[in-house]
Amino acid sequence: MSDTEELNSSLLGQARKLQAILESAVDAIITIDGSATITTVNPAAARLFGYEQHEFLGRNVHFLMPEPYHSEHDGYIRNYRTTGRRKIIGIGREVTGRRRDGTLFPMHLAVSEFEMDGRVHFTGIIHDLSAHKATEMALRQAQKMEAMGQLTGGIAHDFNNLLTVIIGNLEMLEGKLTTPLQRELTTEALEAADLGARLTARLLAFARRSHLEPESVNLNNFVVGLTDMLHRTLGATIYLSNALTPNLWSARVDPSQVESAIVNLAVNARDAMPDGGRLLIETGNAAIDADMSAMLDGMPPGDYVRLSVSDTGTGMPLSVRERAFEPFFTTKEQGKGTGLGLSMIYGFAKQSGGLATIESTEAKGTTVTIYLPRHRVEPVRLHGADDLAAMQGGGQVILAVEDDERVRKLTVTRLSQLGYTVLAAASGADALEMLKSNAVDLLFTDVVMPGGMSGYELRQQVRSLYPQMPVLLTSGYAEELAGNQVKPDADLKILRKPYRMADLASAIDDALKARGSSA
């Protein structure tokens, strides 16, 4: 083989090697000449920008750029060739690219310069930053949520203590009133306090600081129970109707979350119908098979309870629908929407083992559907105010531990009225000292307390020192119980603040009976 043939063979081999590199590269590679005309492009570039490879060749590279890069690109090259000042060449920077369909995306562009046949050429290597940017945004959002969660949780803890005092004193006052007007005013004040408690519960759910208390429930009961309130809230221009399945399966969920979801969806629907319209709340049983599972983001096949809220409002464009479940995303004007309602509903559905979906068409309306796993145990009847007489204590000794003086005083009064002998302590350390010299039948302690010992830690020590003593916890801010530091414990009993007298009586009675059954 002659030297010329050997050189040609070597050049052919080098060309094939370069072609193989271009073909297999994950990042987009584009080569342009000194006038910005594309001369080479690899398959990754075609995939990234949405064009066929032959559609790039012979075109000015600025067609892949949005403004102002589109108009200014050729000037960048001229400026570099006349002054030597670099903006990207040999440096690399983050810029924006434009796909065939007009969508923009972030990318990192690194440019190198080379000479061939006496002419200057440039090679650009383009790395798509879309996934990286999405991760950055998710991290910032998570940090924002965490900061807001900490603030919300702290406020909710103090607010729930205040509501506990308000509700407790109103209940005790209610039994001493003599006129219908007095009782009516007290009832309205109690209802307002209950609304405040539900608001705090929603804040804690958003902040993921609430200790969820799932129960076996029938969603029809919530829809019926909220109908009167929704009629008042929605106004006269909204026609509200229900389509409830008679033999609806039960679902095991936190009741406050269900109520919050229904109210949030109804209010969103009202806002989407400024000139009036129709709002329909439906329930149903849904058997999800493998095909339907694939259509529902891979939600596991099985039996689910379905709750749908539909309106005849303005609907959502695709760009809004795709982001509707994002925290803080809202299309409402400033001051009229936080962007938390739908994200909280989505989070509640996912936490409960289900899913929330949106179907919407502009100018026709929106349907939000919540799927919750079926629970095959029928709902257990909760104790109410009528059962107080049957749950009276028999002089058993209860040690109540609460750092807030007003709540502690109220708790002592309530427990005494229920027929118990009450000891009170302001901290975990005080409680342990009192247990050394007093026979106690039950420890009733707040979770969040200053002084270095939480209610949960107090419970652990008491279980170690007095294994037979039942412990009932109470909190309006159970972050400790929701965190990783707490292991699952079937014996863990919590009474959420604020609570009614009947709730307190039921929780104390259940805790004492549980000790008796295990003795």
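Contact here means heavy atoms within 4.5 Å. With that in hand, helix α6 of this predicted model is a good place to start. The helix spans residues 219-234 and doesn't run straight: a bend of about 45 degrees sits at Thr 227. Thr 227 is also one of the buried residues of α6, a list that further holds Leu 219, Asn 220, Phe 222, Val 223, Leu 226, Leu 230 and Leu 234. What covers these buried residues includes the strands β6 (215-217), β7 (238-243), β9 (277-288), β10 (302-311) and β12 (365-375), along with helix α7 (255-271). Both ends of α6 have something to show. At its start, a side-chain oxygen of Asn 218 comes to within 2.9 Å of the backbone nitrogen of Asn 220. Just past the other end, Gly 235 adopts a positive phi of about 90 degrees.

Next come the rings. The count of aromatic pairs comes to five. Among them is the pair of Tyr 51 and Phe 56, set edge-to-face with 5.6 Å from centre to centre and 70 degrees between the planes. That angle counts as edge-to-face because the planes are over 60 degrees apart. Tyr 51 and Phe 56 are both buried, and they belong to one aromatic cluster together with Phe 49, Phe 63 and Phe 105. Phe 63 has a charged companion as well: Arg 59 lies over the face of its ring, 3.8 Å from the ring centre.

As for charges, the whole structure holds 13 salt bridges. One of these links Arg 500 to Glu 171, with 3.6 Å between the closest N and O atoms. Arg 500 lies in the loop between β17 (494-496) and α15 (501-518), while Glu 171 lies in helix α4 (residues 130-174), so this pair ties together parts that are 329 residues apart in sequence. The two partners differ in how much of them shows: Arg 500 is partly exposed, at a relative accessible area of 25%, whereas Glu 171 is buried, at 18%.

Other salt bridges involve partners at short range in sequence. Glu 433 and Lys 436 meet side chain to side chain at 3.1 Å, N to O. Both lie in helix α12 (residues 428-437), three residues apart, or about one turn of the helix. An α-helix has 3.6 residues a turn, so residues three or four places apart point the same way. Glu 433 is partly exposed, with a relative accessible area of 47%, and Lys 436 counts as exposed at 61%. Elsewhere, salt bridges with shared partners join Glu 171, Arg 414 and Arg 500 into one network. The side chains of Asp 271 and Arg 270 also form a salt bridge, at 3.1 Å from N to O. Here Asp 271 is partly exposed at 35% relative accessible area, and Arg 270 is likewise partly exposed, at 27%.

That leaves a spot with plenty of glycine. Gly 419 is found in the loop between α11 (405-417) and β14 (421-425). Its relative accessible area of 26% makes this glycine partly exposed. Leaving aside residues up to four places away in sequence, Gly 419 touches Gln 392, Gly 393, Gly 394 and Gly 395. From Gly 419 to Gly 393 the C-alpha to C-alpha distance is 4.4 Å, although the two are 26 residues apart in sequence.

Definitions and conventions
Residues numbered from 1 in each chain as written. Predicted model: local features only at pLDDT ≥ 70, side-chain atom pairs only at ≥ 80, totals over all residues. Heavy atoms only, no water. Helix = DSSP H or I, 4+ residues; strand = E, 2+ residues; numbered from the N terminus. Buried < 20%, exposed > 50% of the residue type's maximum accessible area, 1.4 Å probe, protein only. Phe/Tyr/Trp six-rings, centres within 6.5 Å; stacked < 30°, edge-to-face > 60°. Lys NZ or Arg CZ within 6 Å of the ring centre and 35° of its normal. Bend = angle between axes of the 7 residues up to and from the residue. Polar contact = N/O pair within 3.5 Å; in protein donor to acceptor, adjacent residues only side chain to side chain. Salt bridge = Lys/Arg side-chain N within 4 Å of Asp/Glu carboxyl O.
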